[in-house]
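Trainee: I would like to go through this model slowly and learn how each label is earned. Could we take the labels one at a time?

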Amino acid sequence: MLSKDIGIDLGTANVLIYIKGQGIVLNEPSIVAIDTETKKVIAVGSEANEMLGRTPGKVKAIKPMKDGVIADFEITEIMLNSFIKKVKAKSFLTRPRILICCPSNITPVEKNAIKEAAERTGARRVFIEEEPKVAAIGAGMDISKPSANIVIDIGGGTTDIAVLSLGDIVTSASVRIAGNVFDHDIIKYIRDKYKLLIGERTAERIKIDFACCYNADKKQTLEVKGRNLITGLPHMITINQEETEEALKESVYKIVKAATTVLEQTPPELSADIVNKGIVLTGGGAMLKGLTDLLSKELEVPVLIADSPLTCVVEGTGILLEKPSELEED
């Protein structure tokens with residue numbers, strides 16, 4: 001039996017795995033639930049996510065990835081091993097080659113930690129590629145030509161902005177502001193204004209289903225349940241969409257500023273291409289309501305969302321796995 005080549009999008013919020021010849025075989029949250037007394041792993045991925053914020057004292061749900069890099073090496077290794085076993089990517093006789101993605105502009109130490117975690121799962125060989133480059137490939141961009149493509153990949157932990165030409169990154173920036181920060185912005189706003197404490201999962205639902213970061217509609221409202229910080233009792237409030245715009249404003253504008261800096265550093269010839277082609281958004285954060293309009297207004301270029309923003313990175317690993325010669329050169 002031939003060994004399987006696998007691509008991994010090791011995200012702060014989710015892990016996606018692509019097996020060559022099979023496509024995307026796994027998409028689960030980057031969470032591990034452990035028993036703090038026995039140090040035994042109780043659940044990984046979706047099962048552990050169900051426990052988030054609902055566990056008894058001795059059970060802890062851990063997110064081992066923070067800002068796109070490994071915060072807890074041991075737990076990351078357990079999580080990767082569990083997922084690779086789940087998709088049956090290795091056996092007693094075969095060891096897969098793994099292509100794994102990391103944010104641009106991370107330190108060599110952080111990059112080596114990601115590579116080592118993948119190697120310790122029993123990989124035959126590990127390749128590392130930068131997320132915005134792989135996201136651009138997965139979004140269907142032809143980055144091999146001498147013309148500019150620009151991608152803004154908004155994940156769970158980081159937003160990566162990159163101008164690509166001739167198959168590589170010309171200029172890039174990575175800011176540690178993305179989906180998780182948006183969640184915390186919503187939690188903080190509701191806590192400060194209404195003295196109501198909500199959990200991460202509630203905040204995430206507000207972000208995905210209701211929040212808007214530009215031209216929000218004040219007439220749109222949502223009931224939010226949580227714990228009153230003064231009485232300590234369960235409580236419900238009603239917020240309007242304009243409040244979510246206010247909550248997210250500071251973080252969203254930091255992404256705008258980073259994108260502006262990248263555009264300012266882009267050679268003039270490539271800038272002309274960007275005006276013609278526009279910017280492509282990838283990652284889960286790309287689906288935040290109002291974001292394309294806001295970026296288009298602030299950056300003065302067309303902005304569009306990739307066809308499948310959540311899976312662009314892992315689909316890009318699949319395309320690269322079909323071209324082993326490019327990986328060998330890495």
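Trainee: What makes the pair T311 and S308 a polar contact?

Mentor: Bear in mind that this is a predicted model, and then set the value against the cut-off: a polar contact needs suitable N or O atoms within 3.5 Å, and the side chains of T311 and S308 are joined at 2.6 Å, so the pair meets the distance limit.

Trainee: Where is T311 found, and why is T311 called buried?

Mentor: T311 is found in the loop between β18 (303-305) and α10 (312-321). The word buried is used for a relative accessible area under 20%, and T311 has 13%, so T311 counts as buried. Leaving aside the neighbours within four places in sequence, T311 is in contact with L16 and I24.

Trainee: Which label does K257 get, buried or exposed?

Mentor: K257, which is found in helix α7, has a relative accessibility of 63%, and since exposed means over 50%, K257 counts as exposed. K257 and E298 are 41 residues apart in sequence, while their C-alpha atoms are 9.2 Å apart in space.

Trainee: How many disulfides does a search of the whole structure find, and why is C213 not bonded to C212?

Mentor: The search finds 0 disulfides. A disulfide is a covalent bond between the sulfur atoms of two cysteines. The cut-off for calling one is 2.5 Å, and the closest cysteine sulfur to that of C213, in C212, is 5.9 Å away, so the two are too far apart for a bond. C312 is in no disulfide either, as its nearest cysteine sulfur, that of C101, is 12 Å away.

Trainee: How do you know whether C213 and C312 are buried or exposed?

Mentor: The limit for buried is under 20%; C213 has a relative accessible area of 5% and C312 has 1%, so both count as buried.

Trainee: How many cavities of 30 Å³ or more are found, and what lines the largest cavity?

Mentor: The search finds 1 such cavity, and about 30 Å³ of space lies in the largest cavity. Its lining is made by I186, Y189, I190, I239, E243, T244 and A247, and the elements that give two or more residues to that lining are α5 (179-194) and α7 (241-264).

Trainee: Which classes do the lining residues of the largest cavity belong to?

Mentor: By class, the lining has 5 nonpolar, 1 polar and 1 charged residues.

Technical notes: Residues are numbered from 1 along each chain as its sequence is written. This is a predicted model: local features need pLDDT of at least 70, side-chain atom pairs count only at pLDDT 80 or more; totals for chains, interfaces and linings use all residues. Side-chain values use heavy atoms; hydrogens and water are left out. On a 1 Å grid over the protein atoms alone, a cavity is a set of points where a 1.4 Å probe fits but cannot get out, and a pocket is an open set with protein on both sides within 12 Å along at least five of seven lines; lining residues have an atom within 4 Å of a point. Grid points are joined across faces, edges and corners, and a volume is the space filled by probe spheres set on the points. Helices (H or I, at least four residues) and strands (E, at least two) are DSSP runs, numbered from the N terminus. Ala, Val, Leu, Ile, Met, Phe, Trp, Tyr, Cys and Pro count as nonpolar, Asp, Glu, Lys and Arg as charged, and the others, Gly among them, as polar. Buried means under 20% relative accessible area, exposed over 50%, partly exposed in between (1.4 Å probe, protein chains only). A polar contact is a pair of N or O atoms within 3.5 Å; within protein, one must be able to donate a hydrogen and the other to accept it, and residues adjacent in sequence count only if both atoms are side-chain atoms. Contact means heavy atoms within 4.5 Å.
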